[in-house]
Amino acid sequence: MEVMLLGTGDTTGTPTVGCDCDTCTAARERGVERSRFSVHVRNERTDESLLVDFSPDFRAQFLDRDVALPDAAIVTHIHFDHLDGLGNAFRLVRELPVAAANETDPETGESVAETIERKYDYLDALSVTGKEPLEPFELCGFDVTLVPVHHPPLVCYGVVIECETGAKLSITGDTNYAIPEASRERLADPDLLIADAIAPASFCEHHPLGGDHHDSEGVPRTFGTKHMTREGALALADELGASETRLVHVSHFFPADEAFAEPLAVDGERYHL
């Protein structure tokens, strides 16, 4: 299993357009970027490529990185920074199976799969299949499982991707720290954990809602209501027994002297599991 982190940033990315904060300035000086979230997973046995989420930066990501166009894809939720790059598939692929959860979201009245079908009905290459959360299915020669996480107000899912060799990739998706126990069990013991960590816990003081899911020392593991803090993501990684952890969906709210330190990921990182 070859894993490429195509996009490791939050909804505005780093550098953020029009921003001259120390972190965005440092990113420009270093020549690094955190574009909107997307992960490319290649099955080295079958030479098939699976894409997790369609970043709005799809075109630039695939031009910049030496990876193949997807043979199939997964969409974790319908926020624009994870879905709206799907239109880039127009005239690029002959057929594109897309898997997404089939649970109806009370907020929208549709499942993720149904929203994709409605928004992208003009893409002839597209075939969308609704999948039952926590039930494994096959895609690109991998065993794949969508796991419910907590990203209010919309439904959202993490992804577990396993290879017959025993390699395991766990992706939390966008989530706060309150991931259901059944999902934690499926995410556990990965070779690589890709975890949402939008900001340091110290930055919660700037969020209108502060932080949540505090640890025994009062450190918030959730930033506001929707995303984990760095500290929350690292606590989750310990609980899950991850062999290696990379933090993604990273914002420019990290101080410049912390923003590019391990284990915060940047675009273009590649892993072999």
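Which elements make a right-handed β-α-β unit? In this predicted model, that unit consists of β3, helix α2 (residues 58–64) and β4. The points below cover the strands around β3, an open sheet of 6 strands, and helix α1.

**Strand β3 and its partners**
- Strand β3 (residues 48–52) has 4 of its 5 residues buried, so it is largely enclosed by the rest of the structure.
- With strand β2 (residues 38–43), β3 forms an antiparallel pairing over 5 bridges, in which S49 of β3 is the bridge partner of R42.
- The hairpin of β2 and β3 has 4 residues between the strands, and D47 there takes a positive phi near 60°.
- Strand β4 (residues 72–74) runs parallel to β3 and is joined to it by 3 bridges; A72 in β4 stands opposite L50.

**The open sheet**
- The strand order is β7-β8-β9-β10-β11-β15, with mixed pairing.
- β7 (137–139) and β15 (245–248) are the edge strands, each pairing on one side only.
- On average, neighbouring strands of this sheet are turned by 25° against each other, direction ignored.
- Within the sheet, β8 (residues 142–148) and β9 (residues 157–162) pair in the antiparallel sense over 6 bridges, and P148 stands opposite Y157 in β9.

**Helix α1**
- T23, C24, A26 and A27 are buried in helix α1 (residues 22–30).
- Seen down the axis of α1, these buried residues fall within an arc of 160°, so they line one face of the helix.
- D22 and E29, on the other side of α1, are exposed.
- G31, just after α1, takes a positive phi of about 70°.

How values were computed:
Residues numbered from 1 in each chain as written. Predicted model: local features only at pLDDT ≥ 70, side-chain atom pairs only at ≥ 80, totals over all residues. Heavy atoms only, no water. Buried < 20%, exposed > 50% of the residue type's maximum accessible area, 1.4 Å probe, protein only. Helix = DSSP H or I, 4+ residues; strand = E, 2+ residues; numbered from the N terminus. Arc of directions from axis to C-beta. Pairing = 2+ DSSP bridges. Axes fitted to C-alpha atoms, helices over the stretch in contact; angles between N-to-C directions. Right-handed = clockwise from strand over helix to strand, strands pointing away.
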